[in-house]
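I opened this entry to keep track of what I looked up, in the order I looked it up. The structure comes first, then my notes.

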Amino acid sequence: FEYLRLPLDNTRIIPGRDRIGFEVTDDFVRDLKKYFDMVDQGQTYQGCRFGIDRTNLGLTLNYLLNPKATQAPKLLSWDNYSMGNIVNRTTKTVKKVIKKLSPEQRKMLGLPDNFDEILQQRIFDLRYTNGVLRINKLQ
């Protein structure tokens, strides 16, 4: 049994808020890489002490930033909040993290040179998997 504490709060990143000025530290990137490695090994349990916001953020971080992630996750929802809001909020936060990553931190995470192109497809897949996008097939 291996445990990793990866706080996703205002001391590391600020989930779902429009504040600027947070930093993505090398320590955070190292912990994030370790989290990705644990998820890649399978059989992980993820949870948030206060609900599902940070769990969704962790799932989104893994899918959008982990080059080995292969399938968009189904995010968690609650009664009075639309899935569109959840996906938009978590994606917006991950984009803020990406914007703050230095070239060295991108290397630490193993992001390919064409990551920005891959990211757009992954965001599309995340939205589609969670029912935010609907594609009408022509017959």
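My notes below cover salt bridges and then one pocket.

**Entry 1: the model.** I am working from a predicted model.

**Entry 2: salt bridges overall.** How many salt bridges does a search of the whole structure find? I get four. I followed up three pairs, among them Asp-27 with Arg-30.

**Entry 3: Asp-27 and Arg-30.** I found the side chains of these two residues joined in a salt bridge, with an N to O distance of 2.7 Å. Helix α1 holds both Asp-27 and Arg-30, and they are three residues apart, about one turn of the helix. I then checked accessibility. Asp-27 has a relative accessible area of 48%, so I list Asp-27 as partly exposed, since exposed needs over 50%. Arg-30 is also partly exposed, at 46%.

**Entry 4: Asp-37 and Lys-33.** Here the side chains form a salt bridge at 2.9 Å, N to O. Both residues are again in helix α1, with a spacing of four residues, about one turn of the helix. Are they buried or exposed? Neither label fits: Asp-37 has 29% relative accessibility and is partly exposed, and Lys-33 is partly exposed at 28%. Buried would need a value under 20%.

**Entry 5: Asp-53 and Arg-89.** The side chains of Asp-53 and Arg-89 meet in a salt bridge too, at 2.8 Å, N to O. I looked up where each one sits. Asp-53 is in helix α2, whereas Arg-89 is in helix α3, which covers residues 83–100, so this pair ties together parts that are 36 residues apart in sequence. Asp-53 is partly exposed, with 36% relative accessibility. For Arg-89 I noted 30%, which also counts as partly exposed.

**Entry 6: the second largest pocket.** I turned to the second largest pocket and noted a volume of about 230 Å³. Which residues are closest to its centre? Of the 14 that line this pocket, they are Val-39, Asn-62, Ala-69, Gln-71 and Pro-73.

**Entry 7: what lines that pocket.** I checked which helices contribute to the lining. Helix α1 (26–41) and helix α2 (53–65) each supply at least two of the lining residues. By residue type, I count seven nonpolar, five polar and two charged in the lining.

**Entry 8: where the notes overlap.** Helix α1 comes up twice: Asp-27 and Arg-30 lie in it, and it supplies residues to the lining of the second largest pocket. Helix α2 likewise holds Asp-53 and contributes to that lining.

Note on methods. Residues numbered from 1 in each chain as written. Predicted model: local features only at pLDDT ≥ 70, side-chain atom pairs only at ≥ 80, totals over all residues. Heavy atoms only, no water. 1 Å grid on protein atoms, 1.4 Å probe; cavity = no way out; pocket = protein on both sides within 12 Å on 5 of 7 lines; lining within 4 Å. Points joined across faces, edges and corners; volume = space filled by probe spheres on them. Nonpolar A, V, L, I, M, F, W, Y, C, P; charged D, E, K, R; others polar. Buried < 20%, exposed > 50% of the residue type's maximum accessible area, 1.4 Å probe, protein only.
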